[in-house]
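Please examine the structure shown below. The explanation that follows it proceeds from the whole chain to individual residues.

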Amino acid sequence: MKIVIIGDGKVGYKLAKQLSVENYDVVMIDSNEKKLKYAVDRLDIACVTGDAADARVQRDADVPHADLVIACTSADECNMLSCLIARRLGAKHTIARVRNPIYFNQIGLLKEDLHLSMAVNPEHIIADEIGRLLLFPDASKIETFVKGRVELVEFMIQKESRLVGMSLADMYEKFQIKLLVCAVEHCGDVLIPDGDYVIRQGDKLHIAVSHQEMERFFRLLGKHKAKVKKVIICGGGRVAYYLAVQLCAIGMQVKIVERDVERCEELCELLPKATIINGDATDHDLLIEEGIEAADAFVALTGMDEENIITSLFAKSQGSAKIITKINEDRRALMVKDFGIDSIVSAKTATADAILSYVRARKNSQASANVETLYQLVDDKVEALEFIIKSETDYTGIPLKNLEIKSNNLIACIARKREIIIPGGDDCMMAGDSVIVVTMEKRIEDIEDILV
């Protein structure tokens, strides 16, 4: 499968790295020759220097024979124009990153004329992710499947947790809740556990569960955080705007601290229910004055990772109940993940996951099951994929206990019409089901890939 990536920024590089590892034929276009040299020295890809809005440059990158063109430069207009030219030249499918709320809100009108297969808005994706975390503050990360009906939740086992020293089999029996621990991370090691695994302090558990059952589970643990009512957001960019729209709509009190006066005026018009503060988020006196001690949640969304980290650590020291920090540089995220920050989000990772889902689905469209959703977990060591089974196959209708599943693979959940099934050995997959698979292998493109 030939893929052309336009734009060697953070998203473009991450996609090129992932796709080249999976043996896709990748070509990258960018006008910055120095950045391309860095990429070609480290990745198994080809590079073409030039402006992707120029049809000659696209021809040099062999766009006419591309199966997919992904435009992810920092300019929406360039992305949309590049995709239009790519389709005119013969590219089979195109994906554009579209960040401007005005463009994205009318992408339905533009999609057909631009011949776009998919439009991705990183800020919108990450705002949705943060919104879920604020609605359920016990979790440090929440990924959704089956149109939000199933969630994959990450949470840390603290020293005082009732689960410490308990095996997973005992936990399932004691709590009688329909959930499944899909992956465990401990001191950098990752495994897909069986029922004999004994939970330890410091474990990060990833559990598949419905929203209702998840709430019940945390209540039974006796450590259920209060609902978030007051939120302070540092940074007034697009993520802050999308997030504030969601939070104000459900009645949360939102304060946004933004240093740019003109942007503050824009936000005042766009968000009449939010309080907009013109000031520097790194000014601790300002944050104290605006009530950081009484805030239920603090969300750091400035354009600088370092600033987000510093303000988040200060918010933690002041007692804010839930801390969410946007960090786009993977190395920085790894450095601070043990600093007490509850949740780290990345627009780059969220965008890459959305695009990779599409790529996997397109590559093997003749398979028995299509990839609908994909998330990379635990520093990309684990993947969670949602498949939709298109028709009856050799593995449908057979109890799971009678199927041989490769090690380091797990069928975590089956969604059948309105029913959410956390599967046991007697359950089976059927045509039309949505099936969530958790795997430590890469390149899983069909459910058959996890069967012996």
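The paragraphs below describe the chain as a whole, then one helix, and then several loop residues.

The structure is a predicted model. Its protein chain contains 15 helices and 22 strands. The radius of gyration of the chain is 23 Å, close to the 22 Å that the globule rule gives for 452 residues, so the chain is as compact as a globular protein of that length. Along the principal axes, the C-alpha trace spans about 65 × 65 × 40 Å.

The next matter is how the residues are distributed between interior and surface. Of the 452 residues in the protein chain, 55% count as buried. The accessible surface of the chain comes to about 20,200 Å², and 49% of this surface belongs to carbon and sulfur atoms. Contacts can also be sorted by separation in sequence: among those between residues at least 6 apart, 61% join residues at least 24 apart. As for charge, the chain carries 57 positive and 71 negative side chains, and the centres of these two sets lie 1 Å apart.

Attention may now turn to a single helix, H9, which comprises residues 211-221. Which residues of helix H9 are buried? They are Glu213, Met214, Phe217, Phe218 and Leu221. These buried residues cover an arc of only 135° around the axis, and they therefore lie on the same side of H9. The elements that cover them include strand S8 (150-156), helix H8 (168-175), strand S9 (179-186) and strand S11 (204-210). After H9 comes Gly222, which has a positive phi, near 80°.

Two of the elements that cover H9, namely S8 and H8, also help to locate two residues with a notable backbone angle. Val146 is situated in the loop between strand S7 (141-145) and S8. Its phi is near 50°, a positive value in a residue other than glycine. Gln176, in the loop between H8 and S9, likewise has a phi near 50°, again a positive value in a residue other than glycine. Are these two residues buried or exposed? Val146 has a relative accessibility of 9% and so counts as buried, because buried means under 20%. Gln176, at 56% relative accessibility, counts as exposed, since the cut-off for exposed is over 50%.

The final region concerns Gln318 and Ile292. Gln318 occupies the loop between helix H13 (305-317) and strand S16 (322-326). With a relative accessibility of 22%, Gln318 counts as partly exposed. When its neighbours within four places in sequence are left aside, Gln318 is in contact with Ile288, Ile292 and Glu293.

One of these contacts, Ile292, deserves separate consideration. Ile292 belongs to the loop between helix H12 (284-289) and strand S15 (297-300). Although it lies in a loop, Ile292 is buried, with a relative accessible area of 0%.

Distances to other parts of the chain complete the description. How far apart in space are Ile292 and Tyr375, C-alpha to C-alpha? The two are 33 Å apart in space and 83 residues apart in sequence. For Gln318 and Ala361, the separation is 43 residues in sequence and 46 Å in space, again from C-alpha to C-alpha.

Terms used:
Residues numbered from 1 in each chain as written. Predicted model: local features only at pLDDT ≥ 70, side-chain atom pairs only at ≥ 80, totals over all residues. Heavy atoms only, no water. Helix = DSSP H or I, 4+ residues; strand = E, 2+ residues; numbered from the N terminus. Buried < 20%, exposed > 50% of the residue type's maximum accessible area, 1.4 Å probe, protein only. Rg over C-alpha atoms; globule rule 2.2 N^0.38 Å. Contact = heavy atoms within 4.5 Å. Areas by Shrake-Rupley, 256 points an atom, 1.4 Å probe, with all protein chains shown as cover. Lys, Arg positive; Asp, Glu negative; His and termini not counted. Charge placed at Lys NZ, Arg CZ, Asp CG, Glu CD. Arc of directions from axis to C-beta.
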